[in-house]
Amino acid sequence: MRWGSGSVSGDMTRTAVLALLARRGPLSRAQIADLLQMSPATITQSTKRLLTEGLLVEQAPRPSPAGRPSIPLSLVPESAHTVGIQVAHEHVTGVISQLDAEVVHSFRQDFDPAAPDAVATLTALIRSEIDELERRRLPLAGVGVAVPGIVEPETGTLRMSVRLGWTGLPLAARLREDLGVPVFVDNDISAVTAAERLYGPGADEADFLLAAIGQGIGLGMVLDGAPYRGAAGAAGEFGHMPVQTDGPICVCGNRGCLESLVSTEALLRNAQAAGIVPDEADLDDLGSLARTGDRAAAKLLETAGTLLGRALAGVINLLGPRSVVVIGEITALWDLLSDPLHRVLLEHLLPAVRETRIEVRPWDDKLIAVSAARVVLGAPLAAPRQKG
Ligand SMILES: [Zn+2]
């Protein structure tokens with residue numbers, strides 16, 4: 001596994017060791033060094049500190065073919081907990097994760113980001129989770145908050161969120177001051193991407209993209225082992241790729257952005273406007289209709305698959321990832337989008353990138369909160385310079 005440099009700073013070895021043990025279970029120092037492609041001396045030094053801190057324990061020695069018995073190291077799951085929060089435009093989802101990345105508690109609550117006391121409400125929600133941990137005498141390592149919008153990686157300040165209607169909000173600093181604990185704030189797709197790199201099936205991949213397609217469309221990028229955020233933390237606005245001249249108006253104010261055509265919101269809106277589904281219909285209704293042979297519904301989704309395929313082909317040709325992970329509400333319709341999408345990919349992908357895998361994950365509405373909790377366990381990779 002390669003660990004890129006550049007945007008990554010802080011104790012990456014520590015993060016990598018903790019994430020590897022969470023994914024793979026007990027491993028000897030030699031196995032850790034081997035899997036992380038780091039020197040045995042570095043791993044010995046890092047695990048020594050983690051043992052002293054009580055985050056790791058040594059298990060009983062196992063006989064090893066090389067002669068000397070090997071001592072597996074394992075995580076102490078309850079030695080650290082993190083709170084992960086997803087702030088969305090209608091609700092807040094939260095989880096508590098322990099050090100082995102297992103979720104031990106979760107909640108979801110209605111939330112109105114436009115309310116004058118929205119940040120105070122959010123703070124109170126997080127506070128009650130911290131209180132619960134304190135009551136149970138469980139140690140807290142930090143809080144991760146994922147928001148839709150552009151977040152400065154260095155400060156955790158939300159520069160702009162169209163969905164929440166928040167602009168120039170120093171959210172990390174506010175929460176840190178009010179809660180008195182380490183807080184990291186990140187863009188929601190960046191949080192999922194960093195968590196995937198550390199804890200997910202994409203952990204062994206040094207070059208992958210994560211396309212999140214739901215009400216909005218975003219792209220997480222891991223290039224040469226490190227998350228790519230762009231000069232101002234604003235990279236990955238895949239949804240605002242211009243794809244149609246004089247297309248519908250997008251939430252960003254421009255016309256014909258990808259998001260204005262194939263987000264789940266756009267698909268439903270278009271289906272309703274064309275009278276394919278009634279106004280109160282949801283995405284499942286549209287999918288069911290297409291599956292039962294409704295020509296107009298199937299055609300609408302075929303067009304969406306084609307548009308999405310063209311946009312993805314452009315990105316894959318540009319960045320050359322090994323794989324593209326697709327997440328989000330749209331995956332419920334993937335059986336209907338997949339054929340046209342793959343047809344277009346085949347047409348447009350250059351020979352050198354034709355092997356790129358498209359991996360579609362079933363949508364889990366806790367994924368963003370879980371990822372926010374996990375990036376705190378792996379803070380240096382996710383939020384290199386935010387000070388806790
Ligand atoms: Zn746009």
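Let's start with T193, which is buried in this predicted model: its relative accessible area is 3%. You'll find T193 in helix α6, which covers residues 188-199. Which residues does T193 touch, once we set aside its neighbours within four places in sequence? Its contacts are F208, L210, G220, M221 and V222.

Now, please turn to the zinc ion. Four residues donate to the zinc ion: H240 through ND1, and C250, C252 and C257 each through SG. These donors lie 2.0 to 2.3 Å from the metal. And what is the geometry of the site? The site is tetrahedral, with angles of 102 to 123° among the 4 donor atoms. If you like to read along the chain, the donors follow the spacing H-x9-C-x1-C-x4-C. H240 and C252 both sit in the loop between β13 (226-227) and α7 (259-262), so this pair ties together parts that are 12 residues apart in sequence. Are these two buried or exposed? H240 is partly exposed, with a relative accessible area of 25%, and C252 is partly exposed too, at 35%.

Last stop, the aromatic rings. The count here comes to 1 aromatic pair, and the partners are F111 and W166. Their rings meet edge-to-face, 6.3 Å centre to centre, with 85° between the planes. This pair links distant parts of the chain, 55 residues apart: F111 is in the loop between β5 (103-110) and α4 (118-135), while W166 belongs to strand β9, residues 166-169. F111 is buried, with a relative accessible area of 6%, and W166 counts as buried at 7%.

Thanks, everyone!

Technical notes:
Residues numbered from 1 in each chain as written. Predicted model: local features only at pLDDT ≥ 70, side-chain atom pairs only at ≥ 80, totals over all residues. Heavy atoms only, no water. Donors = N, O, S within 2.8 Å, 3.2 Å for Na, K, Ca; no water. Tetrahedral: all angles 85-135°; square planar, octahedral: opposite > 155°, others 65-115°. Helix = DSSP H or I, 4+ residues; strand = E, 2+ residues; numbered from the N terminus. Buried < 20%, exposed > 50% of the residue type's maximum accessible area, 1.4 Å probe, protein only. Contact = heavy atoms within 4.5 Å. Phe/Tyr/Trp six-rings, centres within 6.5 Å; stacked < 30°, edge-to-face > 60°.
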